Structure formats: structure tokens, C-alpha cells
Number of protein chains: 4
Amino acid sequence: VRLPVVSEILDPGDVEMSAGYVDCLQVGARSMQNFPLLRAAGRSGRPVLLKRGNSASIEELLLAAEYILLEGNPNVILCERGIRTFETATRNTLDLNAVPVLKGRTHLPVIVDPSHGTGRREAVAAMAKAAVAAGADGLMVEVHPDPQRALSDGDQSLTPAGFRQLMEAVRKIARAVGRKAPGEDASPFEKARRNSAARRGVGWGAAG
Amino acid sequence: VRLPVVSEILDPGDVEMSAGYVDCLQVGARSMQNFPLLRAAGRSGRPVLLKRGNSASIEELLLAAEYILLEGNPNVILCERGIRTFETATRNTLDLNAVPVLKGRTHLPVIVDPSHGTGRREAVAAMAKAAVAAGADGLMVEVHPDPQRALSDGDQSLTPAGFRQLMEAVRKIARAVGRKAPGEDASPFEKARRNSAARRGVGWGAAG
Amino acid sequence: VRLPVVSEILDPGDVEMSAGYVDCLQVGARSMQNFPLLRAAGRSGRPVLLKRGNSASIEELLLAAEYILLEGNPNVILCERGIRTFETATRNTLDLNAVPVLKGRTHLPVIVDPSHGTGRREAVAAMAKAAVAAGADGLMVEVHPDPQRALSDGDQSLTPAGFRQLMEAVRKIARAVGRKAPGEDASPFEKARRNSAARRGVGWGAAG
Amino acid sequence: VRLPVVSEILDPGDVEMSAGYVDCLQVGARSMQNFPLLRAAGRSGRPVLLKRGNSASIEELLLAAEYILLEGNPNVILCERGIRTFETATRNTLDLNAVPVLKGRTHLPVIVDPSHGTGRREAVAAMAKAAVAAGADGLMVEVHPDPQRALSDGDQSLTPAGFRQLMEAVRKIARAVGRKAPGEDASPFEKARRNSAARRGVGWGAAG
């Protein structure tokens with residue numbers, strides 16, 4: 001088994017080289033309005049995972065996606081990962097409202113990152129399930145073999161066992177809402193990969 | 001069939017009289033920090049549905065509940081109904097993160113109002129399903145026989161047919177997450193009613 | 001010297017009695033949308049100091065004032081005291097933008113509370129001066145003879161000496177923007193008092 | 001008279017060339033967490049005007065400045081230009097609280113942009129005066145000879161006559177708070193320029 005690779009890009013000057021090594025380029029939340037980076041990602045020919053900025057409106061997320069699409073790259077995956085609000089009990093406020101709103105306004109796949117969206121391990125599974133029930137096309141979940149020793153984001157990382165258990169639960173929800181479950185259908189990454197004629201497959205779910 | 005009645009109270013001076021006629025008193029989002037009202041609701045002996053203020057933190061919601069509990073009334077139902085953020089595509093940002101966080105911090109039942117939480121009919125069903133998947137104990141959904149003619153909140157109201165369809169979908173999600181579905185178990189209202197030895201039953205779900 | 005009294009009201013049932021003892025009734029930020037309370041304050045005949053809710057829009061503040069005005073009470077003083085945002089370095093974000101916006105939309109006097117608006121003693125003086133420069137008609141500043149021992153809000157209270165120093169600075173700013181300084185002109189409280197034919201005078205500035 | 005030039009940089013690859021032509025490099029609000037850009041600006045040897053991101057905390061603004069300082073460039077000017085909140089009556093909420101808080105935590109100069117901070121011409125002058133009263137070291141104000149025809153930001157631009165009138169008022173406030181007024185002292189740009197041994201001067205105030 002070969003695990004597919006998604007890697008974050010930060011500098012437009014690095015995009016071309018990165019594109020040669022990874023299956024999918026990620027534009028992080030802090031870079032969502034980095035227009036030179038968006039354009040470079042668009043020109044790369046690779047699928048682009050575009051994360052919503054933590055204070056970006058849904059409208060602004062769609063406008064950012066346009067910068068990539070306008071370069072002739074149709075393979076953009078949108079990712080809701082939490083917005084900044086007054087609430088401090090969680091790291092961010094996961095805005096699942098964005099899922100049905102985006103699905104009504106674009107054909108692009110929408111995935112959800114409940115790890116950054118909550119910042120708390122004990123809330124990740126509940127919100128992953130909620131995301132699928134809300135209609136998300138995929139999940140991005142942080143997993144670490146020993147979260148307590150993680151260099152970053154340990155508080156929001158699942159263990160591999162926790163992740164397996166979550167995938168089991170997600171499968172049930174996916175069926176309950178009439179969707180193919182992970183493994184039964186191509187993931188948004190896979191579909192984007194096929195569209196962009198990349199040579200190697202990418203699967204559902206975990207990033208760690 | 002007798003439909004149970006939940007009615008919003010606004011003035012501490014009205015609580016005693018209202019309590020004689022309704023099954024459950026609602027403290028609305030705008031009143032969440034109206035301390036005389038919370039105390040009067042606590043003394044009423046009736047179950048109290050406490051809605052989170054649109055800029056109240058989870059911590060503040062729990063502190064508001066304490067005002068009711070301290071009067072010796074244990075039957076408080078917490079309701080997440082959306083918070084105020086910069087996002088304008090939806091009326092409020094439904095903070096489903098609050099569901100797992102609250103479930104980890106209190107034994108009180110937690111319900112979700114996706115109607116106010118989105119303000120858009122086309123997003124209500126998705127977020128109702130998400131709420132149940134996230135672990136909510138119940139839903140509060142606005143229904144109107146002719147939403148376009150509703151005097152208020154028409155944009156966020158389901159038709160009776162839309163509501164039936166939603167309940168069907170919710171039942172499947174409830175089973176997928178290992179919970180009793182509506183009708184198979186007592187609702188949070190019903191449990192609160194029994195606790196407070198009220199004489200009449202209240203059911204799951206719709207408020208219109 | 002007789003110091004005038006402003007007292008906060010919380011319960012509509014208490015308004016009539018309070019009105020007999022105080023020069024001005026305060027509706028606090030948490031009560032800004034307590035409609036029975038606003039109406040009772042309107043009927044009291046006393047000047048009403050209406051504080052903006054910490055998540056209330058400028059529009060909503062003006063609508064809340066309407067509830068008082070509609071009872072035939074024209075003596076409403078609006079108070080900006082900070083809104084809730086993501087910023088945690090200060091207790092609230094003092095929205096001084098509201099001063100020119102309100103002055104452009106209403107004839108009602110607008111005062112500013114930099115104590116709650118910052119929550120930090122070391123920022124109170126700077127923001128009090130800024131408020132006057134922005135066009136505020138008055139200030140509401142917390143003063144305590146021994147802030148470290150204050151039962152509440154000590155962190156944001158000035159000492160009496162700090163307050164005198166601030167008033168000196170405020171006088172200079174007031175002159176620089178072509179306004180009467182405190183003591184040279186009737187305060188918003190005084191003007192409201194005269195309008196409502198109350199018997200006793202109220203002065204500029206401190207609440208502690 | 002030679003007007004000094006501040007120009008915004010967007011791409012790390014453009015910084016070196018830009019630095020050859022301008023007196024000061026601006027890192028815009030959307031780029032505040034663009035770390036490769038911050039580092040490139042730090043290495044340029046030019047003064048850097050760093051605008052606060054519209055959802056960046058004060059802490060995060062200081063951390064962003066560190067990226068520039070760590071490259072050995074001490075000439076960073078911080079700029080408060082409004083944050084994103086729920087309020088829609090203004091384009092942003094100008095957070096003047098940030099001025100005293102920043103002055104208490106850093107020696108770097110702090111300027112304020114009331115044009116973006118309000119988005120409304122009729123509020124710009126009031127907030128410019130407030131900024132100076134709050135302790136700001138400078139202002140950044142949009143001016144356009146014919147704001148109604150401006151290609152962008154016309155709603156928040158002053159006319160040249162309005163700008164002259166504002167500078168007159170600002171001078172009075174500056175004196176009232178015991179500071180040198182524009183023209184009586186070197187501006188933050190000028191001081192930064194001298195520090196970085198650039199050859200040409202930059203003045204107080206307008207950007208259009």
C-alpha cells in the first residue's frame with residue numbers, strides 16, 4: 001500500500017517543485033487570501049485542497065477558489081476547518097452551516113477538518129460524524145501514534161485505535177444519509193486525482 | 001392527541017401565571033442573562049428550556065443554568081441555537097461544537113435549534129441531522145403550513161411535509177449513532193416533565 | 001455637594017420604586033434587549049442610560065432605544081461599552097466607530113465607558129481621551145479608592161488621583177475638538193435631568 | 001517636493017526588486033501571517049509597515065513582527081486597521097484598544113488606518129482624531145481627488161480639502177496630548193527611514 005501525500009505550500013516559488021512530489025497541494029487557512037500562491041497552485045496541475053481562512057466568509061472562500069479555477073485547474077477541494085469567534089472553550093468554532101451552504105452554491109467537493117475545528121480530541125469524533133451527516137464529502141482528521149508526545153496539535157489528535165473506531169461510526173452515518181462510505185467509493189482526493197490524471201491514488205481521511 | 005406547550009417567558013412577573021398553563025417554560029436567547037427571570041423560572045417548578053444567548057460562551061450558558069438549578073429546579077434543557085459571528089451567509093453560526101463540549105461537562109440534556117441556527121430553510125435539514133450525529137438529545141425545528149406567509153421566521157421554517165421527511169432521516173441517523181429515535185424513547189421534554197411530576201406529556205421536536 | 005445617583009435596574013417590577021430614589025436609571029448591557037424592562041424604564045419618567053449589549057449591533061441599540069422613546073420618554077443616553085470579539089488581550093473591544101455612526105443617525109447623546117470597554121486600568125485613560133476626540137458627549141469611568149481591594153472590576157478601576165489626572169487631560173482634548181469641557185457645560189445627565197424636570201442635578205463622569 | 005513611496009508586497013519573490021524602488025514596504029492585512037513574505041521583508045533592509053490581519057489578535061501581530069525583527073531589521077511600524085466583528089454598520093471595527101495595549105508591550109511605533117478601520121468617509125475624521133488621542137504615532141488615511149470615481153475604496157476616501165481640514169484638527173489633538181504634531185517632528189516613516197539609512201524622506205499621513 002502506498003499512502004498518498006498532501007503537502008502544504010507557503011511560497012509561490014516552491015509550488016512547482018512541490019507539485020512534482022505530492023498528490024495534492026494544500027493551501028492552508030492562513031494562506032487562503034495569498035493570491036500569488038493561489039495562482040501558482042492553479043497553474044501546478046495538481047489537485048488543490050483549499051482551507052477556509054479562520055475569519056473568511058463563505059463568499060470569500062468561493063472567491064479564493066476562483067483564483068485557482070481561473071488558471072484552468074478544476075480540481076479544488078474546499079475544506080471547512082473552523083472560524084474564529086468569541087468562544088474560547090474550543091480552539092475554533094467549526095462552522096458546519098458552511099457545508100449545506102457551499103453544497104448549494106458550488107459543485108466543488110467540501111470536506112471538513114474537525115481536528116482544527118474543535119482543537120479537542122474528545123470533540124473530534126462527534127464533529128466528524130456531524131460533518132458527514134451534514135453532507136460533507138470527506139474528512140481530514142489528525143492522527144498520531146502517541147498524541148501526548150506530538151510536537152504540535154497533540155490535543156486534537158486521535159490515536160490510530162480511536163481513528164479506526166471513528167471510521168466505523170462514520171460508515172454507519174454515511175449509509176444513514178444514503179452515501180457511499182469510505183472504501184466503497186472514491187474519495188474527493190481520488191476523484192480529483194483522476195481528473196488531473198495523476199498517477200497515484202489517495203484515500204479517505206487521515207492526516208497526522 | 002394533545003400537543004404539549006412550550007411558551008417563552010419575558011418578564012419575571014409573568015412566570016407564575018404562565019407556569020399554570022404550559023408544560024415547559026422557555027427562556028429565550030435574549031434573556032439568557034436575565035437573572036431575575038432565571039430565578040423566577042427556577043421557582044416555577046416547570047421544566048425550563050434555556051436557549052444559549054447569541055454571544056454567550058458555553059461557560060456562560062452553564063452559569064445561567066445554575067441560576068435555575070439553585071432554586072431547586074433540576075429540569076433544565078439546554079439549547080444551542082447559533083451564535084453571532086462575522087459570517088453573513090447564514091443568520092447565525094450554529095455552534096455544534098457546543099454539543100460534545102456540553103455533554104462532557106453537564107448531565108443536562110442538550111437540544112439544538114437548526115432553524116434559528118441557520119436562518120435558511122435549505123440548510124435546516126442538513127444541520128438537524130448533523131446535530132443528532134453530534135450527540136444532541138433533541139431538536140427544535142420551526143414548521144409552518146405556509147412558510148411564505150409566516151409573520152416571522154418564514155425563511156427558516158419547514159413545511160409539514162418537509163418536517164416529516166426530516167424526521168424520517170433523523171430516525172436513521174439516531175439509529176446509526178446507537179440512540180433511540182423519536183417515538184422510541186421519551187424526549188428530553190418528556191423526561192423533564194416526568195421529573196417535575198407535571199400532568200401532561202410533551203413530544204419530540206417541532207415548534208412553529 | 002450632593003452626588004447624583006445612577007442605578008441599574010434588572011426587573012421591570014422594581015423600576016417604579018427605583019425611579020423614586022435615583023436621578024437616572026441604567027439599563028445594563030445584558031438587559032439591552034429586555035423589552036419589558038425597556039418599556040418600564042420608558043414609563044418611569046426618569047432619564048435612562050442605555051448600555052449597548054456586548055453583541056448588539058449599532059442598529060439594535062437604536063431599536064432598543066425606540067422601546068423607551070415610544071413610551072413618551074425622550075431622555076435616553078446611549079452608552080458604548082465594548083463589544084465581544086475574538087480579541088482576548090482586552091475584556092471587550094471598545095467600538096469607538098459607534099460614536100460617529102450614532103451621532104450621524106440620532107440626536108440622542110452618546111457616552112462611552114472605557115472601563116468595561118477595555119477591562120484594563122492602563123488602557124482606560126487612553127481610551128477615555130480617544131472617546132472624547134471621537135465626539136462622545138460624556139464618559140462613564142470606574143473609580144475605586146483602593147482598586148486592588150475592589151469586590152468587582154478592580155482591574156479596570158482608576159484611583160481618585162488617576163481620575164483627576166484623566167479629567168485634566170480630557171479637558172484639553174475637549175477644547176481641542178471645540179467642545180465645552182466637563183464643568184463648563186451641563187453633562188448629558190444634567191441635560192436629561194432638566195428635560196425630565198427631575199429635582200436634583202447630576203454631574204459628569206465617574207461611576208465606581 | 002518628493003513624496004515618499006510605500007508599496008505593498010504580496011510575493012516573497014518580488015520583495016528584493018520592490019525594495020530597490022520604494023521607501024517602505026507594506027505587508028497588508030491579508031498577508032500578516034504570510035511567513036515567507038515576512039522573512040523576505042525582514043531581509044530587505046527597508047522599513048516595513050505591518051498591517052494587523054482583520055482577525056489577528058494583538059499577540060499574533062507582535063509575533064508576526066518578530067519574523068521581520070529576527071532577520072535583523074528593526075524598522076517595523078505596526079498598523080491597526082480594523083478587525084472583523086459581527087458589526088455591519090462599518091466595514092471593520094477599528095480596535096483602538098490595541099494602541100495603548102501595543103504601546104505597553106513594544107517599543108515599535110503604532111499607526112492607525114481609520115479609512116479601512118471604518119470604511120465610511122463620514123467616520124474617518126472622528127476616528128483619526130481618536131487614534132491620535134489614544135496615543136497613535138501616526139495615521140494612514142486614504143485621499144482621492146474625486147472619491148466618487150475612485151476605482152476602489154472611494155467610500156472611505158477623503159477629498160484633499162477634507163484631508164487638510166483633518167490635519168488641522170489632528171494638530172490640535174496632538175498638542176492637547178503633549179505630542180509633536182505632524183510637521184513638527186519626524187514621522188514614524190521618517191524615523192524608520194533614518195534608522196535604515198535610506199536616502200529619501202517620507203512624511204506623515206496620506207495614502208490614496
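Two residues are in contact here when heavy atoms lie within 4.5 Å. With that cut-off in hand, let's look at how chain B meets two of its partners in this predicted model.

**Chain B against chain D**

Four residues from chain B and four residues from chain D make this contact. Together the two chains bury about 290 Å², and carbon and sulfur atoms account for 81% of that. Which residues of chain B supply 90% of the area it buries against chain D? They are B:Arg84, B:Phe86 and B:Thr88, and no other three residues supply as much. You won't find any salt bridges to look at between chain B and chain D, as the count is zero. Polar contacts come out at zero residue pairs too, for residues at pLDDT 80 or more. Sorted by class, the side of chain B that touches chain D has one nonpolar, two polar and one charged residue.

**Chain B against chain A**

Now turn to the other partner. Here chain B puts in 35 residues, and chain A puts in 35 residues as well. The buried area is about 2,500 Å², with 70% of it from carbon and sulfur atoms.

How many salt bridges link chain B and chain A? There are two. One to pick out in the viewer joins B:Glu87 to A:Arg52, where the closest N and O atoms sit 2.8 Å apart. The interface also has eight residue pairs in polar contact, both residues being at pLDDT 80 or more.

As for which parts of chain B face chain A, helices α4 (98-105), α5 (114-118), α6 (121-133) and α7 (160-176) each give at least two residues. The top contributor is α6(B), with six residues. By class, this side of chain B has 18 nonpolar, ten polar and seven charged residues.

Here are the two buried areas in one place:

| Chains | Buried area | Share on carbon and sulfur atoms |
|---|---|---|
| Chain B and chain A | about 2,500 Å² | 70% |
| Chain B and chain D | about 290 Å² | 81% |

**A helix in chain D**

One more spot is worth a look while you have chain D on screen. Which residues of helix α4 (residues 98-105) in chain D are buried? They are D:Ala98, D:Val99, D:Pro100, D:Val101 and D:Leu102. Their cover comes partly from chain D itself, including α3 (58-69), β4 (76-80) and β5 (110-112). Another piece of the cover belongs to a neighbouring chain: α6 (121-133) of chain C.

Technical notes. Residues are numbered from 1 along each chain as its sequence is written. Chains are lettered from A and ligands numbered from 1 in the order in which they are written. This is a predicted model: local features need pLDDT of at least 70, side-chain atom pairs count only at pLDDT 80 or more; totals for chains, interfaces and linings use all residues. Side-chain values use heavy atoms; hydrogens and water are left out. Buried area is the accessible area (1.4 Å probe) that two parts lose on being put together, summed over both. A salt bridge is a side-chain nitrogen of Lys or Arg within 4 Å of a carboxyl oxygen of Asp or Glu. A polar contact is a pair of N or O atoms within 3.5 Å; within protein, one must be able to donate a hydrogen and the other to accept it, and residues adjacent in sequence count only if both atoms are side-chain atoms. Helices (H or I, at least four residues) and strands (E, at least two) are DSSP runs, numbered from the N terminus. Ala, Val, Leu, Ile, Met, Phe, Trp, Tyr, Cys and Pro count as nonpolar, Asp, Glu, Lys and Arg as charged, and the others, Gly among them, as polar. Buried means under 20% relative accessible area, exposed over 50%, partly exposed in between (1.4 Å probe, protein chains only).
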